[in-house]
Number of protein chains: 2
Amino acid sequence: MILKPAQKHKSLLKNDRFLRALLRQPVESTPVWMMRQAGRYLPEYRASREHAGSFMDLCRNADFACEVTLQPLRRFDLDAAILFSDILTIPDAMGQGLYFETGEGPKFRKTVRTEKDVNALPVVQGETDLDYVMNAVTTIRRALNGSVPLIGFSGSPWTLATYMVEGGSSKDFRQVKTFMLKQPEAMHRLLDKLAQSVISYLNAQIKAGAQAVQIFDTWGGVLNEPCYQEFSLGYMRQITTGLIREHEGRPVPVIMFTKGGGQWLESMADTGADCLGLDWTTDIGLARKRVGDRVALQGNMDPNMLFAPARKIREEVGRILRSFGPGSGHIFNLGHGISQFADPEHAKVFVDAVHELSPSFHG
Amino acid sequence: MILKPAQKHKSLLKNDRFLRALLRQPVESTPVWMMRQAGRYLPEYRASREHAGSFMDLCRNADFACEVTLQPLRRFDLDAAILFSDILTIPDAMGQGLYFETGEGPKFRKTVRTEKDVNALPVVQGETDLDYVMNAVTTIRRALNGSVPLIGFSGSPWTLATYMVEGGSSKDFRQVKTFMLKQPEAMHRLLDKLAQSVISYLNAQIKAGAQAVQIFDTWGGVLNEPCYQEFSLGYMRQITTGLIREHEGRPVPVIMFTKGGGQWLESMADTGADCLGLDWTTDIGLARKRVGDRVALQGNMDPNMLFAPARKIREEVGRILRSFGPGSGHIFNLGHGISQFADPEHAKVFVDAVHELSPSFHG
């Protein structure tokens, strides 16, 4: 019998509490991972980075991407691995010319400012146009060998559009909002192309071995509510509708994270996502009351809390666990990516505290 | 009969609908002003600035400060004037050495990082240590001649502390949060000194002629809720308790604005403030339901909406008015300061739209 690619991976997970919690199924303790857990705060990451060259060189080399993905799992008792990549791979594959200047964040050589610019953009085919990402997913999945699930991810269409229109990071999002307000139809065409690309990209990641996916809407929170609904959430709904939701005989949960979106959780819970990511400004207990049993919640300790003494980190983990309360449906995480200045020992205190303190809220 | 200083100003206001709306008293139309309404988007401001020298030179010269305060009132039908000054005058008066580098935002020559640094800081006496601000208030109040009320303002203790500890603006607030988490007692002492200083400063502004005051908590929204309560809101409560709340025979309303504080409005409404400022991420109608009739609400159009075509600006004003609904207790404003790139003609469209569209919601 010839195995289809998907079946090659099919194996029992040794630790699947992350996937179970995403589906609000019983778990013995609250699963935990950290956004940006493979990153500059780890000395072994900085060493790999020196060998690999640029950040994108690291992303494009499957062996390097696999190595840095696994690094935090060797140090900490994490319940999930996340693909090492960048949220801006899609615009890069569209030909926008992603590059990084030291200390300045991501930049693009081209900007999108006119209808013509939008029309010239291709829809990205994940398997072919971003084959280096799929190679990384396959390599990492194999290396994980069933220890914990692998999370795939993408930026949200709105978030990708902000970088493409601004040409990089922004403080006031003036260019992208001007484009949205003055040329709403062109903006919708851009967002639709991005949504189609994200669907293709995430489905390719799922086929290559990602067992859950997260949509990072880093900049949805800079919009007012009607614009958030129209220009960000609508396209994330399109994505959740277009994704492969079952693979290898298991559901593939979808996590939706809008930083600064704490006021809009009810609408987010209606998109078909399985789980909502929360930043640290939202009380997770109040959030749970608001979304009821429609979705799981992921979060939400302030990453800066890792600069506190160990005792305080444990207290804060306890406070968030108590706020969420008993029962499943909580994936512990930071409310945003871990700081490059965080002490890995404090990250360990955080992860261990979740495992030590959470069992009393389950079972 | 010898007039006391306060009585010198005592005069009937030709237009007091801003003050009435702050107290939720009936008005014939919704009052409107714009945060940072005296600023770089106005060519006449840029001309004044060229004459005056640096930004702080402009603040320190009462005649210049008066001139730029009045500039937007000559162009637009605004219902309030706001003192031209900076939120960082208090730390500057404490000896921290405020300066501005082009394109980089405010900076301090000294930072506050230790208990010793905190202990060395004086409490600022508004009338003496910031006499140049009081001169500006007196001059502006006289020049306004009862046309519209004058708003005084200060940064919140937490917001001032972020700049003092970081030494300027910050993306991640790592230093100030580390200080807060590692040395909470020193942080509380710093915040208490700042709160005492803000009380003295705002009371001096009120005595000099400010008819309402706003506390700008620009960075309260970067905290989680327990930290917001403990390190930001608590000190704003201390301020509202310590302020002169009636002067010249009229109440002096207090506006409290935490950018990014939309999730915490209920607690903010319990501080004794008369009005809460809202950024554009909050639906003002939902906010009104949440705070009931305890406070008025100020806001909340996205400043970037001024880059939209005129028709859209009017639509957005209408949407916000409908969301708030009928009755008093709404002061229209932007959800944050007007952009330096805004077209003054579009600011005029905004202000006029509020006056044209709002009467049907009153009376």
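Which strand of chain B does N300(B) lie in? Look at strand 10, residues 296–301 of chain B, and you'll find N300(B) there. Keep in mind as you go through these close-ups that this is a predicted model.

**View 1. A cis peptide bond sits between G299 and N300 in each chain.**
Start with chain B, where the bond joining G299(B) and N300(B) is cis. Its omega is about -5°. Now hop over to chain A: the peptide bond from G299(A) to N300(A) is cis too, with omega near -5°. As for where that puts us, N300(A) belongs to strand 10 of chain A, which covers residues 296–301.

**View 2. Seven strands of chain A line up in an open sheet.**
Follow the strands across chain A and you'll meet them in the order 1-4-5-8-9-10-11, with parallel pairing. At the edges are strand 1 (81–82) and strand 11 (330–334) of chain A, and each of these pairs on one side only. Zoom in on strand 5 (residues 212–217) and strand 8 (residues 254–258) of chain A: they run parallel and are joined by five bridges. To spot one partnership, find I215(A), whose bridge partner in strand 8 of chain A is M256(A). There's a helix to look for as well: helix 9 (residues 131–144) of chain A packs on the sheet. Helix 9 of chain A touches strand 1 and strand 4 (150–155) of chain A, and its direction makes about 155° with that of strand 4.

**View 3. Strand 4 of chain B is mostly covered.**
Here we're looking at residues 150–155 of chain B, and six of the six residues in this strand are buried. Which residues point one way from strand 4 of chain B, and which the other way? L150(B), G152(B) and S154(B) go one way, while I151(B), F153(B) and G155(B) go the other. Both sets are buried. Strand 4 of chain B also has pairing partners. With strand 1 (residues 81–82) of chain B, the pairing is parallel and runs over two bridges; A81(B), for instance, has L150(B) as its bridge partner in strand 4. With strand 5 (residues 212–217) of chain B, the pairing is again in the parallel sense, over five bridges. Here you can pick out G152(B), whose bridge partner in strand 5 of chain B is V213(B).

**View 4. Helix 15 and helix 16 of chain A pack together.**
Helix 15 takes in residues 284–291 of chain A, and helix 16 takes in residues 310–324. Their axes are 7 Å apart, and the two helices pack at an angle of about 20°. Why are they called roughly parallel? Angles under 35 degrees count as roughly parallel, so helix 15 of chain A is roughly parallel to helix 16 of chain A. The crossing of these two helices is right-handed. To find the contact itself, look for I284(A), G285(A) and R288(A) in helix 15, which meet I320(A), S323(A) and F324(A) in helix 16. Sorted by class, the contact has three nonpolar, two polar and one charged residues.

**View 5. Chain A meets chain B.**
How many residues of chain A are in contact with chain B? The tally is 26 residues of chain A, in contact with 26 residues of chain B. On chain A's side, helix 11 (residues 174–182) gives the largest share, five residues. Class by class, that side of chain A has eight nonpolar, 10 polar and eight charged residues.

**View 6. Helix 6 of chain B is mostly covered.**
This helix spans residues 89–96 of chain B, and six of its eight residues are buried. The buried ones are T89(B), I90(B), P91(B), A93(B), M94(B) and Q96(B). Right after helix 6 of chain B comes G97(B), with a positive phi near 75°.

**View 7. R24(B) and F173(B) each have a positive phi without being glycine.**
R24(B) has phi near 60° and lies in the loop between helix 2 (17–22) and helix 3 (43–52) of chain B. R24(B) counts as partly exposed because it has 19 C-beta neighbours inside 10 Å. F173(B), with phi of about 55°, is in the loop between helix 10 (157–166) and helix 11 (174–182) of chain B. F173(B) has 18 other C-beta atoms within 10 Å, so it is partly exposed.

Notes: Residues numbered from 1 in each chain as written. Chains lettered and ligands numbered in written order. Predicted model: local features only at pLDDT ≥ 70, side-chain atom pairs only at ≥ 80, totals over all residues. Buried ≥ 20, exposed ≤ 12 C-beta atoms within 10 Å, placed from the backbone. Helix = DSSP H or I, 4+ residues; strand = E, 2+ residues; numbered from the N terminus. Pairing = 2+ DSSP bridges. Contact = placed C-beta atoms within 7 Å. Axes fitted to C-alpha atoms, helices over the stretch in contact; angles between N-to-C directions. Nonpolar A, V, L, I, M, F, W, Y, C, P; charged D, E, K, R; others polar. Parallel < 35°, antiparallel > 145°, perpendicular 65-115°, else oblique. Left-handed = near helix turned anticlockwise from the far one by under 90°.
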